[in-house]
Amino acid sequence: MTDGDFGLLSPVTASPKVTALTGDRAVIAAILDVEAAWAAVLEEAGLAPQGAAAVVAEAADPGHYDLAVIAERAQGGANPVIPLLGELRARVRSLDATGIGAGKAVHTSLTSQDVLDSALMLLAGRTVSALLTEVKSTTTALAGLAAQHGDTLCVGRSLTQHALPYTFGLKAAQWFQGVAASAARLESVELPVQFGGASGTLASGSKLTAGSDSTPFTLTDALASKLGLAAAPAPWHTNRLAVTSLGDSLASLLDAFGKIASDLVFLSRPEVGELGEPLAAGRGVSSAMPQKQNPVLSVLIRSAALQAPALASQLHSAAGTFNDERPDGAWHTEWPALRRLLALAFGAALQLRELAEGLRVFPEAMRRNLQISGPLLLSEGVSAAVAPLLGEDGKQKLQAVVDETLKAPATLQADTYRKLLREAVPSDKLTDAALDALLDPASYLGEAAEISRRILAAYPEYAASTKGAHRG
């Protein structure tokens with residue numbers, strides 16, 4: 001086995017699926033795909049010999065190239081296109097058995113930035129496509145949880161403390177909204193082809209197309225079409241909005257992933273016990289404590305979310321210091337940051353899909369935790385309904401009931417609050433039955449069900465399979 005980076009210290013991205021789309025081999029493949037597509041564009045436009053594109057395509061098999069050698073030689077020209085291009089040209093010459101001059105179709109009128117920018121957009125497109133497939137399976141699962149648990153009571157927490165009655169369905173719907181909205185934003189990001197030539201004037205392209213029916217712009221559009229990238233109205237070699245928009249969208253998606261993981265880390269604590277990650281042999285184990293079941297999927301997702309902001313910031317730092325017509329270092333810092341964001345987002349998406357599809361929900365524990373505060377959770381609603389019955393100082397009287405309740409041990413507060421409240425409000429103004437109804441947590445859920453419905457309805461393409469889902 002040869003040495004290499006297998007993600008030993010980045011378990012969230014240590015997946016063959018992630019490596020296949022974002023690893024060095026994937027980068028080389030994208031570069032070679034750009035070169036092969038360009039050769040085909042030139043041949044179709046009559047600007048390269050017939051048959052040249054087939055030779056270039058055969059030579060552009062990434063399996064023929066030594067990644068370690070190319071990476072080392074990249075130091076000589078500060079990018080991997082230059083050494084790879086040298087080997088590609090040599091291979092094209094060796095395959096051009098009939099001597100048609102296929103080498104004339106290789107990299108003609110391009111510059112390294114054209115190829116690498118386009119290749120990274122191509123790599124991003126492939127990764128985002130796979131990522132969104134995972135995300136849509138995740139949102140389907142989350143939408144199912146929201147529909148299934150629309151009436152499952154739990155406690156809503158604010159600043160770590162019990163706040164109001166809530167439903168797990170609404171919590172799942174809010175998770176869904178964060179992921180679906182971020183994914184929709186990512187899906188709308190355009191990934192444009194790059195073609196500007198040596199310094200962005202298309203001078204070489206103009207010379208190449210002189211006397212033909214083509215222009216540098218028609219060639220660019222044809223290249224975009226072949227690669228499945230967006231057409232670009234002009235070179236964007238120094239305007240990096242395409243890169244920062246992609247980075248921001250990936251970071252936002254990881255934010256949404258991180259929110260879910262953060263909730264799960266807390267809600268799966270033994271003393272809370274409302275949720276549990278899906279079980280799998282060997283997962284969540286401790287090297288020292290056999291009894292532990294660590295929430296490792298959530299931990300890995302959180303690790304990705306925590307890294308994303310700095311990487312997105314790096315892309316903006318680079319964009320803001322893109323001096324001249326090709327910068328001295330800023331461009332180079334984009335590459336690892338963007339690729340890392342893609343890898344983290346895809347790796348985390350794989351983990352989150354498994355987590356969402358196999359999430360274990362424990363309604364009994366939710367009800368148990370809800371009852372810790374009990375009727376105290378209804379104090380906001382009680383105040384609104386009862387204060388007018390007690391005169392001008394009604395709110396003060398009810399606040400005194402709450403203050404006195406809080407002096408009791410936590411385990412006794414629920415019973416204490418109801419007792420003191422009954423003593424404070426005359427029964428002729430509020431019957432026992434009416435008081436019980438007022439202190440029923442299910443009576444103070446506001447528009448939770450409608451909020452969930454509106455969230456799912458706002459992103460039908462991400463919740464399509466929830467039609468007819470059981471509520472309960």
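Helices, labelled α, are DSSP runs of H or I with at least four residues, and they are numbered from the N terminus. The legends below use these labels for close-up views of a predicted model.

**Figure 1. Lining of the second largest cavity, to which α5 gives the most residues.** The cavity encloses about 30 Å³ of space. Its lining consists of I31, L32, E35, V81, L84, L85 and L88. Two or more of these residues come from α2 and likewise from α5 (81–95). The contribution of α5 amounts to four residues. By residue class, the lining comprises six nonpolar residues, no polar residue and one charged residue.

**Figure 2. Largest cavity and its lining.** Two cavities of 30 Å³ or more are present in the structure, and the largest holds about 40 Å³ of space. The residues that line the largest cavity are V193, Q194, F195, L202, F217, T220, A232, A234 and P235. Seven of the lining residues are nonpolar and two are polar, while none is charged.

**Figure 3. L202, a lining residue of the largest cavity, in the loop between α7 and α8.** The flanking helices span residues 168–188 in the case of α7 and 203–209 in the case of α8. Most residues other than glycine have a negative phi. L202 is not a glycine, yet its phi is positive, at about 60 degrees. Because its relative accessible area is 6%, below the 20% limit, L202 is classed as buried.

**Figure 4. Largest pocket and the elements that line it.** The volume of this pocket is about 760 Å³. Its lining is made up of 24 residues, and those nearest the pocket centre are D5, F6, T19, G23 and D24. At least two lining residues are supplied by each of α1 (16–22), α2 (24–44), α4 (67–73) and α12 (330–358). The lining divides into nine nonpolar, eight polar and seven charged residues.

**Figure 5. Second largest pocket and its 17 lining residues.** About 360 Å³ of space is found in this pocket. D24, V27, P80, W335 and R339 are the lining residues that lie nearest its centre. Helices α2, α4, α6 (112–148) and α12 each give two or more residues to the lining. The division by class is 13 nonpolar, two polar and two charged residues. D24 is named among the residues nearest the centre of this pocket, and D24 is also named among those nearest the centre of the largest pocket.

**Figure 6. Helix α6 along its length.** The helix has 37 residues, for which a rise of 1.5 Å a residue gives an expected span of 54 Å. The C-alpha atoms at its two ends are 53 Å apart, and therefore the model agrees with the expected span. Helix α6 is mostly covered, with 28 of its 37 residues buried.

**Figure 7. T139 and its contacts within the fold.** T139 belongs to helix α6. Its relative accessibility is 0%, so T139 counts as buried. With neighbours within four places in sequence left aside, T139 is in contact with F176, V179, A180 and Y462.

**Figure 8. H107 in the loop between α5 and α6.** H107 adopts a positive phi of about 65 degrees although it is not a glycine. A relative accessibility of 9% is under the 20% cut-off, and H107 is therefore buried.

**Figure 9. Hairpin of strands β1 and β2.** Strand β1 covers residues 153–158 and strand β2 covers residues 161–167. The two strands run antiparallel and are joined by six bridges. S158 has Q161 of β2 as its bridge partner. Two residues lie between the strands of this hairpin, and L159 takes a positive phi near 55 degrees.

**Figure 10. L227 and its surroundings.** L227 lies in helix α9, which spans residues 216–227. Its relative accessibility is 12%, and L227 therefore counts as buried. Residues up to four places away in sequence not being counted, L227 touches D33, V34, A37, L122 and V193. One of these contacts, V193, is also among the lining residues of the largest cavity. The C-alpha atoms of L227 and L246 are 18 Å apart in space, with the two residues 19 residues apart in sequence.

Notes
Residues are numbered from 1 along each chain as its sequence is written. This is a predicted model: local features need pLDDT of at least 70, side-chain atom pairs count only at pLDDT 80 or more; totals for chains, interfaces and linings use all residues. Side-chain values use heavy atoms; hydrogens and water are left out. Buried means under 20% relative accessible area, exposed over 50%, partly exposed in between (1.4 Å probe, protein chains only). Contact means heavy atoms within 4.5 Å. On a 1 Å grid over the protein atoms alone, a cavity is a set of points where a 1.4 Å probe fits but cannot get out, and a pocket is an open set with protein on both sides within 12 Å along at least five of seven lines; lining residues have an atom within 4 Å of a point. Grid points are joined across faces, edges and corners, and a volume is the space filled by probe spheres set on the points. Ala, Val, Leu, Ile, Met, Phe, Trp, Tyr, Cys and Pro count as nonpolar, Asp, Glu, Lys and Arg as charged, and the others, Gly among them, as polar. The expected span of a helix is 1.5 Å times one less than its number of residues. Two strands pair if DSSP finds at least two bridges between them.
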